[in-house]
Amino acid sequence: MTTVTSYGSCLKDSIAISICRPVSTRLYNRAYARFKVPQAAVIPNFHLPMRSFETKNRTNVEDIKSLRLITAIKTPYLPDGRFDLEAYDTLVNLQIENGAEGVIVGGTTGEGQLMSWDEHVMLIGHTVNCFGSSIKVIGNTGSNSTREAIHATEQGFAVGMHASLQINPYYGKTSMEGLIAHFQSVLPMGPSIIYNVPSRTGQDIPPSVIRRLQGHVNLAGVKECVGNERVKEYTDDDIVVWSGNDDECHDSRWSYGATGVISVTSNLVPGLMHQLMFEGKNPALNSKLIPLMEWLFRNPNPIGLNTALAQLGVARPVFRLPYVPLPLEMRVEFVQLVKEIGREYFVGDKDVQILDDDDFIILGRF
């Protein structure tokens with residue numbers, strides 16, 4: 001019996017049987033000699049999806065630890081609820097021009113909780129592609145489901161993010177040992193910031209948990225919202241920490257040893273927040289900004305920020321529910337705050353407006 005070593009196409013629709021015809025080895029080799037390896041396959045360190053415990057990212061964790069001003073960037077929308085990428089790119093570029101060193105993509109401020117994971121990872125990839133050489137891109141890929149956190153963090157590093165932001169499991173809370181196991185599941189993938197905000201999660205991440213994780217090579221530090229005494233506790237132990245409270249960040253930085261701030265207010269006045277984090281103690285500037293910060297957080301974030309950016313004309317007045325704009329009296333108050341601080345310090349170049357209630361678009365389905 002003769003063994004055939006190369007085959008061509010089979011006649012699949014034969015009534016009785018499929019008949020295969022042998023193909024000349026010489027013709028086969030000649031046809032494939034023209035094939036060239038795709039360029040992407042030979043680029044060193046090209047980021048492709050990998051297994052959970054393989055290295056995803058070549059960003060040095062020390063580069064993340066040194067960031068002083070990180071903006072939790074706003075996600076603007078079109079009237080149909082899709083991302084307004086043109087407005088988004090303008091906002092990110094304004095951060096770069098005014099000295100921000102990093103952005104959190106899809107955090108609470110960026111309404112990651114209202115995104116599908118497809119939207120979320122797309123926005124991370126878009127930010128890396130457009131701005132990754134100018135600013136560090138930190139994707140909020142944490143979840144209260146460890147499985148989701150692993151998958152989203154894999155995808156985030158696969159599209160090139162420099163670091164991840166990891167929240168502790170909320171609603172379905174776990175034990176202290178469970179917290180450690182949760183974070184240990186995502187830390188091997190790349191540089192990560194652990195985010196402690198008990199007012200949102202319903203559970204504090206105590207220092208004992210962070211100390212158990214302190215030796216991990218990919219732990220960049222902690223975004224801490226409990227207060228400056230907790231900040232001091234970490235800095236005394238040589239743990240990098242960023243203030244998560246804008247109204248405390250000046251003292252956190254200059255009196256308690258924080259590296260910097262992960263800020264909401266810097267969406268509006270990035271240049272002034274840069275001064276606050278880079279140029280030494282400045283209680284006068286801090287006092288000048290406190291009324292704006294208090295206004296921003298009088299209602300749950302990001303309601304105030306979304307309303308303010310719409311009033312400044314740098315984002316369309318579009319809200320995804322459950323967020324709705326601030327009431328008229330607070331919009332009037334914001335106009336006065338802008339005048340007191342100085343319109344030139346705020347993003348955008350349009351006059352600040354009060355806006356009518358009918359100017360806002362509120363979407364329940366998007």
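# A guided tour of the pockets, pairs and unusual bonds

Begin with the largest pocket, which holds about 920 Å³ of space. This is a predicted model, in which local features need pLDDT of at least 70 and side-chain atom pairs count only at pLDDT 80 or more, while totals for chains, interfaces and linings use all residues. Residues are numbered from 1 along each chain as its sequence is written, and side-chain values use heavy atoms, with hydrogens and water left out.

**The largest pocket**

Select Gly107, Thr108, Tyr195, Val197 and Arg200, which lie nearest the centre of the largest pocket among its 42 lining residues. A pocket here is an open set of points on a 1 Å grid over the protein atoms alone, where a 1.4 Å probe fits, with protein on both sides within 12 Å along at least five of seven lines, and lining residues have an atom within 4 Å of a point. The volume is the space filled by probe spheres set on those points, which are joined across faces, edges and corners.

Next, colour α4 (117–131), β6 (163–167), α7 (198–201), β10 (260–263) and α12 (283–296), each of which supplies at least two residues of this lining. Helix α7 gives the most, with 4 residues. Helices (H or I, at least four residues) and strands (E, at least two) are DSSP runs numbered from the N terminus. By class, the lining has 17 nonpolar, 19 polar and 6 charged residues, where Ala, Val, Leu, Ile, Met, Phe, Trp, Tyr, Cys and Pro count as nonpolar, Asp, Glu, Lys and Arg as charged, and the others, Gly among them, as polar.

**The second largest pocket**

Now select residues 85–97, helix α3, from which the largest share of the lining of the second largest pocket comes, 4 residues. This pocket has a volume of about 190 Å³, and its lining includes Asp84, Glu86, Leu94, Arg316 and Lys350. The lining residues divide into 4 nonpolar, 3 polar and 5 charged.

Keep Leu94 selected and add Asn267, since the C-alpha atoms of these two residues are separated by 8.7 Å although they stand 173 residues apart along the chain. Asn267 lies in the loop between β10 and α11 (270–278), and it counts as buried because its relative accessibility is 1%. Buried means under 20% relative accessible area, exposed over 50%, and partly exposed in between, with a 1.4 Å probe and protein chains only.

**Salt bridges**

Turn to the charged side chains, where the count comes to 14 salt bridges; a salt bridge is a side-chain nitrogen of Lys or Arg within 4 Å of a carboxyl oxygen of Asp or Glu. Select Arg320 and Glu119, which form one of them, with the closest N and O atoms 3.0 Å apart. This pair links distant parts of the chain, with Arg320 in strand β11, Glu119 in helix α4, and their positions 201 residues apart. Arg320 is buried because its relative accessibility is 1%, whereas Glu119, at 23%, is partly exposed.

Move on to Arg331 and Asp357, whose side chains meet in a salt bridge at 2.7 Å, N to O. Arg331 belongs to helix α14 and Asp357 to the loop between α14 and β12 (361–363), 26 residues apart. Here Arg331 is buried, at 1% relative accessibility, while Asp357 is exposed, at 55%. Asp204, Glu224 and Arg230 are also worth selecting together, as salt bridges that share partners join them into one network.

**Leu321 and the cis bonds**

Select Leu321, in the loop between β11 (318–320) and α14 (328–341). The peptide bond from Leu321 to Pro322 is cis, with omega near 20°. A second stop is the cis peptide bond that joins Asn301 and Pro302, where omega is about 15°; Pro302 is placed in the loop between α12 and α13 (303–312).

**Positive phi values**

Finish with Glu111 and Tyr171. Most residues other than glycine have a negative phi, and most peptide bonds are trans. Glu111, in the loop between β4 and α4, has a positive phi of about 65°, and Tyr171, in the loop between β6 and α6 (176–186), has a phi near 65°. Is each of these residues buried or exposed? Glu111 is buried, with a relative accessible area of 1%, whereas Tyr171 is exposed, with a relative accessible area of 79%.
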